Amino acid sequence: MNLTTNYLGLQLKHPIMPGASPLTNRLACIRELEDAGASAIVLASLFEEQVRLTQTERLRLENRLSETDNTNDAFAFFEGSDAYAFGPDEYLEHIYRAKVAVDIPIIASLNARTPTTWVDFARSVQQAGADAIELNLYFLPTDPDTDGVAIEDRMLEIVTSVRQNSSLPLAVKLSPFFSSLPHFANRLAAAGVKSIVLFNRFYQPDINVRFREVAPKLELSDSSELLLRLRWLAILSGRVPVDLAVTGGAHTPNDVIKSLLAGADTVQVVSALLRYGPQHLRSLVNGLTSYLEEHRFRSLAELRGKLNLVNTANPEAYERANYVHSLLFWDR
Ligand SMILES: Cc1cc2nc3c(=O)[nH]c(=O)nc-3n(C[C@H](O)[C@H](O)[C@H](O)COP(=O)(O)O)c2cc1C
């Protein structure tokens with residue numbers, strides 16, 4: 001079965017790839033993922049906090065910043081540079097080494113919150129040999145005076161900053177909370193974004209009642225998280241001129257098939273690989289192939305988007321009618 005997939009202008013052998021995670025921090029693991037059949041690799045992110053931290057440390061070393069300068073205040077809560085797997089220079093080196101180590105495309109991931117930091121770095125990522133950039137716009141609005149348009153404008157500024165400094169194909173990884181995601185997706189496409197990755201997980205902090213503290217918490221996903229993504233894939237697919245990647249809740253071959261039916265071009269997997277190991281990728285690819293053969297699909301293109309909002313016989317199932325129906329018939 002021919003599973004070839006065009007994503008970000010890259011010709012992939014199939015649509016399934018490991019998403020950004022520490023699995024891609026080691027070259028040995030990157031090779032293992034390629035051996036397990038990965039069609040591309042998304043590297044773990046370089047966080048803006050790291051780049052800023054390094055810039056500040058350099059300025060201090062060069063005595064261009066006094067001890068009392070507080071340029072880094074906004075980043076005060078964040079870890080010191082030791083906590084990250086790579087500093088910015090090492091990240092570039094890692095891209096280069098990963099490219100040499102494997103034959104599949106390497107997608108660098110930048111985790112951004114302001115436009116200025118990326119001006120030089122986006123260029124360096126390209127020079128290091130990355131095939132594409134995935135820009136993670138993880139931003140949590142907490143300021144009551146900032147409206148949604150201002151937040152979207154700021155995200156677009158970051159996109160523009162990266163686009164102006166790198167000609168690499170650009171994917172943007174988003175969170176699900178927008179007043180009108182389709183409208184913002186269109187704005188991203190107009191700004192030159194080639195793919196949207198749906199969605200960041202918010203690792204909701206818990207509260208420890210004994211110590212009355214807010215406690216960070218990371219739990220791996222399960223398939224139930226896919227449902228939110230399926231709906232938005234279906235809404236965007238075929239209606240916004242970008243590729244669509246899903247991340248969040250893809251664990252089984254059926255999860256992959258559902259994502260493709262809803263309109264995903266590619267499927268990123270992290271939790272399942274952390275739980276079962278890189279070889280799990282192979283069972284996902286095999287499961288997809290068996291399904292296509294059993295159901296007599298001649299190509300992946302016949303399956304993709306078959307149940308998106310444009311193609312489904314029952315578009316209401318993705319819309320308000322689903323909400324009303326779910327509430328009325330909850331016990332049946
Ligand atoms: C331990 C861990 C580290 C991660 N690191 C990153 C990262 O560096 N950058 C990023 O964009 N996403 C990161 N993610 C999020 C994943 O790429 C993915 O979007 C998320 O886990 C949802 O997919 P899943 O349900 O397959 O796990 C990380 C996830 C985990 C569990």
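Author: Helices (H or I, at least four residues) and strands (E, at least two) are DSSP runs, numbered from the N terminus. This is a predicted model, in which local features need pLDDT of at least 70 and side-chain atom pairs count only at pLDDT 80 or more, while totals for chains, interfaces and linings use all residues. Residues are numbered from 1 along each chain as its sequence is written, and side-chain values use heavy atoms, with hydrogens and water left out.

Reader: How many helices and strands are there in the protein chain?
Author: Both kinds of element are present in the protein chain. The count is twelve helices and twelve strands.

Reader: What is the radius of gyration of the protein chain?
Author: The globule rule (2.2 Å times the number of residues to the power 0.38, with the radius taken over C-alpha atoms) gives 20 Å for 332 residues. The chain comes close to that, so it is as compact as a globular protein of that length. Its C-alpha atoms fill a box of roughly 70 × 50 × 45 Å along the principal axes. The radius of gyration is 21 Å.

Reader: What percentage of the 332 residues is buried?
Author: Buried means under 20% relative accessible area, exposed over 50%, and partly exposed in between (1.4 Å probe, protein chains only). In the protein chain, the buried share of the 332 residues is 49%.

Reader: Among contacts between residues at least 6 apart in sequence, what percentage joins residues at least 24 apart?
Author: A contact means heavy atoms within 4.5 Å. Take the contacts between residues at least 6 apart in the protein chain. The share that joins residues at least 24 apart is 71%.

Reader: How far apart are the mean positions of the positive and negative charges?
Author: Lys and Arg count as positive, Asp and Glu as negative, without His and the chain ends. Each charge is placed at NZ of Lys, CZ of Arg, CG of Asp or CD of Glu. There are 32 positive and 39 negative charges. Their mean positions are separated by 5 Å.

Reader: Which strands join E12 by three bridges?
Author: Two strands pair if DSSP finds at least two bridges between them. E12 covers residues 266–269, and Pro18 stands opposite Val269 in this strand. Thr247 has Gln268 of E12 as its bridge partner. Three parallel bridges link E12 to E3, and three more parallel bridges link it to E11.

Reader: Which residues of E12 point the other way from Thr266 and Gln268?
Author: In a regular strand the side chains alternate between the two faces of the sheet. In E12, Thr266 and Gln268 point one way, and all four residues of the strand are buried. The other way point Val267 and Val269.

Reader: How many of the ten residues of helix H8 are buried?
Author: H8 spans residues 253–262 and is largely enclosed by the rest of the structure. Its buried residues include Val256, Ile257 and Leu260. They pack against E3, H7, E11, E12, H10 and H11. The buried count in H8 is seven.

Reader: Which residue takes a positive phi just after H8?
Author: The phi in question is about 125 degrees. The residue is Gly263.

Reader: Is Leu23 buried or exposed?
Author: Leu23 lies in the loop between E3 and H1. It touches Cys29, Ile30, Leu33, Leu273 and Leu274, not counting residues up to four places away in sequence. Its C-alpha atom is 8.6 Å from that of Pro278, 255 residues apart along the chain. At 14% relative accessibility, Leu23 is buried.

Reader: Which residues does Ser271 touch, not counting residues up to four places away in sequence?
Author: Ser271 belongs to H9, residues 271–276. Its relative accessible area is 9%, which makes it buried. The residues touched by Ser271 are Arg201, Leu220, Ser221 and His251.

Reader: Which residues does Thr289 touch, not counting residues up to four places away in sequence?
Author: Thr289 sits in H10. At 18% relative accessibility it is buried. The residues touched by Thr289 are Met1 and Leu3.

Reader: Which residue does a cis peptide bond join to Leu198?
Author: Omega of this bond is about -5 degrees. The partner lies in the loop between E8 and E9. It is Phe199.

Reader: Is Arg296 buried or exposed?
Author: Arg296 is in the loop between H10 and H11, with a positive phi near 55 degrees. Leu8 also has a positive phi, about 60 degrees, and is not a glycine, but at 3% relative accessibility Leu8 is buried. At 74%, Arg296 is exposed.
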